[in-house]
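Here is a friendly walk through one model, from its salt bridges to its core. Have the structure open as you read.

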Amino acid sequence: VDAELFREFFDGCCAAPIVADATPGSRSSSAGIISLRGSGVHPVSLHFVASPVSDYLEHAVQTAWMLHVAEDDGDILVFLTGQQEVETACSLLSDRALTERPRRRLLAL
């Protein structure tokens, strides 16, 4: 990701930022760039489907549950498109957890 390009775009699309120590009429960047290098402490696996699915939300929930059951302890991160999808996925996973593993509790963040 080109962080400078993103900053320039968003600085250019909005009103001039208010900077306490700026001289009148000058523009100053309103965003800093913080870069963190991954240390490789936590391995990450990416999973993709080979072809489009009819219900991506249901497929994401099924995949997350399959990983939860089959893999060692760890976190599962699912990217969804909006708040409604997140709430629906949490509800579906909670229902599945109560049905299949009643002594464990789902912690959705």
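## A pair within helix H1

Arg7 and Glu4 are 3 residues apart in helix H1 (residues 3–13), which means that about one helical turn separates them. In this predicted model, their side chains meet in a salt bridge, with 2.9 Å from N to O. Arg7 is partly exposed at 21% relative accessibility, and Glu4 is partly exposed as well, with a relative accessible area of 38%.

## A link between H2 and H3

The count of salt bridges comes to 2. Besides the pair in H1, the side chains of Glu58 and Arg96 meet at 3.7 Å, N to O. This pair links distant parts of the chain, as Glu58 lies in helix H2 and Arg96 in helix H3, 38 residues apart. Glu58 has 25% relative accessibility and counts as partly exposed; Arg96, at 23%, also counts as partly exposed.

## The buried face of H2

Let's turn to H2 itself. With 15 residues at 1.5 Å a residue, H2 should span 21 Å, and this agrees with its end C-alpha atoms, which are 21 Å apart.

Which residues of H2 are buried? They are Leu57, Ala60, Val61, Ala64, Trp65 and Leu67. Seen down the helix axis, the buried residues of H2 fall within an arc of 160 degrees, so they line one face of the helix. Those buried residues pack against H3.

## The nonpolar core

Nonpolar side chains tend to be buried together in soluble globular proteins. Here, the largest nonpolar core has 6 residues: Leu57, Val61, Trp65, Ala89, Leu93 and Ala97. Helix H2 (56–70) and helix H3 (83–100) are the elements that give two or more residues to this core.

How values were computed:
Residues are numbered from 1 along each chain as its sequence is written. This is a predicted model: local features need pLDDT of at least 70, side-chain atom pairs count only at pLDDT 80 or more; totals for chains, interfaces and linings use all residues. Side-chain values use heavy atoms; hydrogens and water are left out. A nonpolar core is a set of buried Ala, Val, Leu, Ile, Met, Phe, Trp, Tyr and Cys residues joined through side-chain atoms within 4.5 Å. Buried means under 20% relative accessible area, exposed over 50%, partly exposed in between (1.4 Å probe, protein chains only). Helices (H or I, at least four residues) and strands (E, at least two) are DSSP runs, numbered from the N terminus. The expected span of a helix is 1.5 Å times one less than its number of residues. The arc is that of the directions from the helix axis to the C-beta atoms. Contact means heavy atoms within 4.5 Å. A salt bridge is a side-chain nitrogen of Lys or Arg within 4 Å of a carboxyl oxygen of Asp or Glu.
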